[in-house]
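This report introduces a structure to a reader who has not met it before. The sequence and the model should be kept in view while the sections below are read.

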Amino acid sequence: MAIDAVVVSASGVGNIKRSAFNAVAVDMQPLKNTTKNLADALSSAPGLKLRESGGVGSDMSLTIDGFAGKHVKVFIDGVPQEGVGGSFSLNNIPAGFAERIEVYRGVVPVGFGSDAIGGVVNIVTNKSRRRWFADASYSYGSFNTHRSNIHAGQTFENGVMWEVNAFQNYSDNNYTVEASVEDFETGRIDKSKKVSVERFNDRYRNEAIVAKVGVVDKSWADRLVFGVNLSQMAKQIQTGVRQDIVYGDKHRSSRSLLPSVEYLKRNLLVEGLDLTLTANYNRDVVINVDTAQYKYNWLGDTKRLNSPGEQSYQHTRSANHNWNATATLNYRLGDAHTFTLNHVLNHFRRANTSLLAKEAAEDAIDKQTMKNITGLQYRLALSERWNASLFAKYYSLKVRGPIATDSNATEFVPTSRSEDALGYGAAATYLILPSLQAKLSYERAYRLPTIEEMFGDEDLEMGDIGIRPESSDNVNVSLSYTGAYGANKEHGLYLEGGFVWRSTQDYIQRNIVDMSGGKAAASYINYGSVRTWGINLSARYDYARWLSVGGNFTYMDVRDNQPTAIGSSMPNLGYGDRMPNIPYLFADAFVTLSWHNCGWRGNTLELTYDNQYLHNFYYYSSRIGSNKDDYMVPTQFSHNVALSYTINDGRYNIAFECRNLTNERLYDNFSLQKAGRAYYVKLRVAFGGR
């Protein structure tokens, strides 16, 4: 029989499973018809918790196995995303942007060149050769929320390719919250009295376009692609770091330009030697405006201020310049031996300019960092049943910036410092049975401080230029089972259990600092020693093509392991207590029912229910006194449902969603309340072939 072509494809999900590192891959294909973004999609990964400070466009962070925020590094196709700007964050990017998301918990392979301690999230886009494709979607929902996405591309027979991915998000974010209202006559905020109020200064919008052009499958390059990312955002700022602090006119905007190039050549010069190079430059300009002459409360009442500025009087332009380059050599010697050499170079510079006066006044001293991370790894695989890796990483950090010469911060002088460290580790996996796999990994890891931790965000976050890198001993153990049963293997079962242990020194902690006038900001300190242990449990059952049910459970015990108080020889009263503001027990579950050929051949009706449970936790020390319940994030149990109908094998799609079905009061960070019940509808069309 004559056929036109044979297509052979390899699953990245399968490669993750065979890896010796404690990792999981989230398939994004089932989420393309939902209104979820990349951050939402990650909430289904075991051990991972998404934390947001509000609605669409709000600040977000990821928690992996008890380590949150800056401890977790984000990559797109292996390229680090630190310093790319808030307009291109994970909670802005639609789920359809990626083919899959890889989550590495704890120990991280050197191929990422990462200094993460908590883990790595790698967004993997579809790079397969497709003749042409086009995908467009639009959704509308509660709080006047609009989202749209257009993704199209083409690869010609001569190997020339182009691709465009554009998306936008808009929301008024005018949902109702329970808040304490300041009495302007007395200046008092009665935190025991809450009223239902609507958010009124929280509109958010962003637009982004990612364009690529290049060639693939050439003798001199398997892939050479030039790209440019353009993005912008405008964000009103409703609250500070606590919800009782409310703003009525404070806002922020940014514009980002990011040109890039990527080059891949397999079997370079000799058989088995692969080279991957990437480089990009990002210019992200952020404007912070806080010039209002009035103070607001949650009722929208105003009171004239003695001096302008709701938080800190400013109209500032921050020009952030971020250069990033990566190089990876991978050499396969026979079937058993693989060597990997990786280097990442990152240089960041921020120049601040005050626009308050008629003539702009630029700060005399820029803020700069230079990071170099080099990794070498050897992988041994003498059998299909097991493989093991040994690796080492060298970290280098150089910092330069202003430091105040007096307590009032009126004069500054330039200061600089450097840090170097050597990390190492090992990972191994063994197939006890064809369906039963064990993994064990250890790493002596370091995490270099981030830009925000050293320099802040020039608004609500205060950095510390002298903050030291974290060091940690990490151990990960996991056991997973995959089985299929029945005459036609219609029953599928997946079970996984993991254990984590970490001992961290110079732990970098984010704290809330009270300021004059009832204001507050966030700061970063090297706390000391922290000890972590915990477990992750995951289960999934599939029946044929019509039922899928599963869930995850995580318990992480993160404790203060510092015997003496920081900076003194006195006993630490919090020794042995849980570290504040870290969720330690959470779980999620889902059920999906699918009716194939519903109404017509090639049509599918799908109903999905999922939930998230979060146990209460203190966001300050549990020893703060008799009113400590005022400083607790409450226990939460939220529910979501979605109904989607696809026509003509996914060419036309319509979906309805209800998030937070029971209108639960949801909190992630301090007292900042997230949205209540919300409804969304999404329309999507997809065309194209291989």
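## A nonpolar patch on the surface

On the surface of this predicted model, a nonpolar patch is formed by Trp 132, Ile 647, Tyr 652, Val 685 and Phe 687. Together these residues have about 400 Å² of accessible area.

Trp 132 belongs to strand β9, which covers residues 132–141. Its relative accessibility is 40%. Because buried means under 20% and exposed means over 50%, Trp 132 is counted as partly exposed.

## Aromatic rings and charges over them

The structure contains twelve aromatic pairs. Phe 200, Tyr 296 and Trp 298 are joined by ring pairs into a cluster.

Charged side chains also lie over rings. Arg 130 is placed over the face of Phe 133, 3.7 Å from the ring centre. Another such contact involves Arg 578, whose charged end sits over the ring of Tyr 584 at 3.8 Å from the centre of that ring.

## A sheet of three strands

Three strands make up an open sheet with mixed pairing, in the order β29-β33-β32. The edges are taken by β29 (461–462) and β32 (508–514); each has a single partner strand, so one side of each is left without a neighbour in the sheet.

Strand β33, residues 520–526, pairs with β32 in the antiparallel sense over seven bridges. Within this pairing, Ile 508 has Asn 526 of β33 as its bridge partner.

A salt bridge also joins the side chains of Arg 510 and Glu 461, at 2.7 Å from N to O. This pair links distant parts of the chain, with Arg 510 in strand β32 and Glu 461 in strand β29, 49 residues apart. How do the two residues stand with respect to the surface, buried or partly exposed? Arg 510 has a relative accessible area of 31% and is partly exposed, whereas Glu 461 has a relative accessible area of 15% and is buried.

## Salt bridges across the structure

How many salt bridges does a search of the whole structure find? The search finds 38 salt bridges. One of the pairs is Arg 659 with Asp 40, whose closest N and O atoms are 3.5 Å apart. Arg 659 lies in strand β41 (residues 652–659) and Asp 40 in helix α2 (residues 38–42), so this salt bridge ties together parts that are 619 residues apart in sequence. Arg 659 and Asp 40 are both buried.

Glu 453 and Arg 447 form another salt bridge through their side chains, at 2.9 Å from N to O. Both Glu 453 and Arg 447 are buried as well. Salt bridges can also be joined into a network, as is the case for Lys 250, Arg 252, Asp 290, Asp 457 and Asp 459.

## Antiparallel pairing of β17, β18 and β19

Strand β18, residues 251–265, has antiparallel pairings with two strands described here. With strand β17, residues 223–236, the pairing runs over 14 bridges. In this pairing, Val 225 stands opposite Glu 262 of β18.

With strand β19, residues 273–290, strand β18 pairs in the antiparallel sense over 13 bridges. Here Val 261 is placed opposite Ala 279 of β19.

## Separation in sequence and in space

Two further residues allow a distance along the chain to be set beside a distance in space. Leu 333 is in strand β22, which covers residues 314–333. With a relative accessible area of 41%, Leu 333 is partly exposed. Leu 333 and Gly 272 are 61 residues apart in sequence, and their C-alpha atoms are 6.7 Å apart in space.

Val 26 is located in strand β1, residues 23–27. Its relative accessibility is 10%, and Val 26 therefore counts as buried. From Val 26 to Phe 586 the separation is 560 residues in sequence and 19 Å in space, C-alpha to C-alpha.

Key
Residues numbered from 1 in each chain as written. Predicted model: local features only at pLDDT ≥ 70, side-chain atom pairs only at ≥ 80, totals over all residues. Heavy atoms only, no water. Phe/Tyr/Trp six-rings, centres within 6.5 Å; stacked < 30°, edge-to-face > 60°. Lys NZ or Arg CZ within 6 Å of the ring centre and 35° of its normal. Patch = residues over 30% accessible without salt bridge, like charges linked within 9 Å, V, L, I, M, F, W, Y side chains within 5 Å. Areas by Shrake-Rupley, 256 points an atom, 1.4 Å probe, with all protein chains shown as cover. Salt bridge = Lys/Arg side-chain N within 4 Å of Asp/Glu carboxyl O. Helix = DSSP H or I, 4+ residues; strand = E, 2+ residues; numbered from the N terminus. Buried < 20%, exposed > 50% of the residue type's maximum accessible area, 1.4 Å probe, protein only. Pairing = 2+ DSSP bridges.
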